[in-house]
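Trainee: I would like to learn how to read the features of a structure like this one. Where should we begin?

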Amino acid sequence: MSSTALLDGRSAIVTGAGSGVGRASALRFAEEGARVVCADIDLGSAKETVGLIEAAGGTAVAVACDVSQEDDVAAAVAAAVESFGRLDIMFNNAGIPTPRLGAGFTDHTVADFDRLVSVNLRGVFLGSRQAVLRFREQGDGGVIVNTGSVAGLVSWGGSVYGATKAGVHQLTRAVAIEGAQYGIRANAICPAGMPATNFMAAGGMPSSPELLEATSRQVGASHPLGRPITAEDCAEAAVFLASDRAANITGVLLPIDGGYVAR
Ligand SMILES: NC(=O)c1ccc[n+]([C@@H]2O[C@H](COP(=O)([O-])OP(=O)(O)OC[C@H]3O[C@@H](n4cnc5c(N)ncnc54)[C@H](O)[C@@H]3O)[C@@H](O)[C@H]2O)c1
């Protein structure tokens with residue numbers, strides 16, 4: 001831990017902590033002194049993240065959590081309280097992609113729609129609701145960070161997926177405004193496409209290392225800054241928004257996109 005640790009002593013939950021943005025963020029949170037509940041529907045991958053944190057000298061516990069299930073989300077909050085005494089930071093990051101990458105609007109079935117809404121939007125609703133209830137009980141504020149997407153800011157990246165992320169953005173702003181009176185901040189990071197996480201493979205994209213590298217380069221080149229967006233870029237923004245350095249920042253939708261949206 002550095003001497004100027006940004007999250008010293010904080011108790012945090014990161015959902016989707018078994019991979020990609022969630023894993024990178026859990027590691028950075030711990031590096032900045034937070035004690036982390038690594039929550040994921042895949043308990044094995046969450047345990048691997050805990051192993052990485054512990055190997056680096058940090059403190060973390062793994063919980064199995066399907067963010068679309070209220071009992072699971074409540075249990076993750078309970079785990080934070082039981083393990084670390086309280087909850088300070090809720091990072092609602094877990095999300096799923098368009099089921100068949102490239103699927104057009106009418107290719108989506110009702111089941112596809114329900115699943116996307118259930119994980120991407122209901123998951124953030126449940127995580128935010130449980131966190132706000134806990135923060136209000138503790139009485140001294142708290143921080144929510146949500147993972148939205150560039151696909152929720154512009155029409156890009158899947159119609160239904162984008163709509164769930166636009167919902168996450170609006171929920172973020174609404175919680176920020178309602179929560180302000182209790183000292184609760186809520187912000188979202190909005191990444192552009194990151195082929196290097198497991199996300200696109202989860203959406204059916206073939207994931208050979210060569211293809212991933214080529215896609216990464218191609219997507220990165222479409223950004224004004226010209227570089228691929230990484231899970232670590234997102235983790236850095238999440239640490240900042242979760243920390244006191246962002247004490248007067250709430251309701252913000254922060255693109256992590258190399259300038260894509262600004263163009
Ligand atoms: N990768 C991208 O191109 C991209 C772009 C913009 C936004 N995002 C968003 O970033 C977030 C993280 O994506 P990533 O790229 O790290 O993906 P990833 O697939 O590498 O990681 C997602 C993690 O979430 C977990 N998860 C899936 N469903 C869950 C559920 N119901 N409950 C709990 N955990 C669940 C998975 O097991 C996995 O560990 C998502 O919200 C995604 O929508 C990703």
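Mentor: Keep in mind that this is a predicted model. We can begin with the aromatic rings.

Trainee: How is a pair of aromatic rings described?

Mentor: Two quantities are used, the distance of the centres and the angle of the planes. Here the count comes to two aromatic pairs. One is formed by Phe29 and Phe91, which are stacked, with 6.1 Å from centre to centre and 25 degrees between the planes.

Trainee: In which elements do Phe29 and Phe91 lie?

Mentor: Phe29 belongs to helix H1 (residues 20–31) and Phe91 to strand S4 (residues 89–92), so the pair ties together parts that are 62 residues apart in sequence. Phe29 is buried, at a relative accessible area of 0%, and Phe91 is buried with a value of 0%.

Trainee: Why does the pair of Tyr161 and Phe199 count as tilted?

Mentor: The ring planes of Tyr161 and Phe199 stand at 55 degrees, with the centres 5.8 Å apart. Planes under 30 degrees apart count as stacked and those over 60 as edge-to-face, so the rest are tilted. Tyr161 lies in helix H5 (residues 159–179) and Phe199 in helix H6 (residues 199–202), so this pair ties together parts that are 38 residues apart in sequence. Tyr161 is buried, with a relative accessible area of 9%, whereas Phe199 is partly exposed at 26%.

Trainee: Where do nonpolar side chains tend to be in soluble globular proteins?

Mentor: They tend to be buried together. In this model the largest nonpolar core has 36 residues, and those with the most contacts inside it are Leu7, Phe29, Val36, Cys38, Phe91 and Ile189. Both partners of the stacked pair, Phe29 and Phe91, are in that list.

Trainee: Which elements give two or more residues to this core?

Mentor: They are strand S1 (11–15), H1, strand S2 (35–40), helix H2 (43–55), S4, strand S5 (142–147) and helix H8 (231–242). The largest share, eight residues, comes from H8. There is also a second, separate core of 30 residues, which includes Leu116, Leu126, Val132 and Ile144.

Trainee: Which residues are in contact with Cys38?

Mentor: Leaving aside neighbours within four places in sequence, the contacts of Cys38 include Val14, Ala26, Val50, Ile53 and Val61.

Trainee: How many salt bridges are there?

Mentor: The count comes to 11 salt bridges. To read one, look at the distance between the charged side chains, then at where the partners lie. Arg23 and Glu48 meet at 3.3 Å, N to O. Arg23 lies in helix H1 and Glu48 in helix H2, so the pair ties together parts that are 25 residues apart in sequence.

Trainee: Where do Arg134 and Glu137 lie?

Mentor: Both are in helix H4 (residues 110–138), three residues apart, about one turn of the helix. Their side chains meet in a salt bridge at 3.4 Å, N to O. Arg134 counts as buried at 18% relative accessibility, while Glu137 counts as exposed at 61%. Elsewhere, salt bridges that share partners join Arg28, Glu31, Glu32 and Glu236 into one network. Within that group, Glu32 and Arg28 have their closest N and O atoms 3.1 Å apart. Glu32 is buried, with a relative accessible area of 9%, and Arg28 counts as buried at 15%.

Trainee: Is Asn93, in the loop between S4 and H4, buried or exposed?

Mentor: Asn93 counts as buried, at 9% relative accessibility. Not counting residues up to four places away in sequence, Asn93 touches Thr15, Gly16, Val21, Gly22 and Thr147.

Trainee: How many residues surround the ligand, and which are the closest?

Mentor: There are 28 residues around the ligand, and the closest are Ser19, Asp40, Tyr161, Met194 and Thr197. For polar contacts, look at pairs of N or O atoms. An oxygen atom of the ligand is 2.6 Å from an N or O atom in the side chain of Thr197. For the side chain of Tyr161, the distance from a ligand oxygen to an N or O atom is 2.7 Å. With Gly95 the partner is a polar backbone atom, 3.5 Å from an oxygen of the ligand. Tyr161 thus appears twice in our reading: in the tilted ring pair with Phe199 and among the residues closest to the ligand.

Definitions and conventions. Residues are numbered from 1 along each chain as its sequence is written. This is a predicted model: local features need pLDDT of at least 70, side-chain atom pairs count only at pLDDT 80 or more; totals for chains, interfaces and linings use all residues. Side-chain values use heavy atoms; hydrogens and water are left out. Rings of Phe, Tyr and Trp (its six-membered ring) pair if their centres lie within 6.5 Å; planes under 30 degrees apart count as stacked, over 60 as edge-to-face and the rest as tilted. Helices (H or I, at least four residues) and strands (E, at least two) are DSSP runs, numbered from the N terminus. Buried means under 20% relative accessible area, exposed over 50%, partly exposed in between (1.4 Å probe, protein chains only). A nonpolar core is a set of buried Ala, Val, Leu, Ile, Met, Phe, Trp, Tyr and Cys residues joined through side-chain atoms within 4.5 Å. Contact means heavy atoms within 4.5 Å. A salt bridge is a side-chain nitrogen of Lys or Arg within 4 Å of a carboxyl oxygen of Asp or Glu. A residue is near a molecule or strand if one of its heavy atoms lies within 4 Å of it. A polar contact is a pair of N or O atoms within 3.5 Å; within protein, one must be able to donate a hydrogen and the other to accept it, and residues adjacent in sequence count only if both atoms are side-chain atoms.
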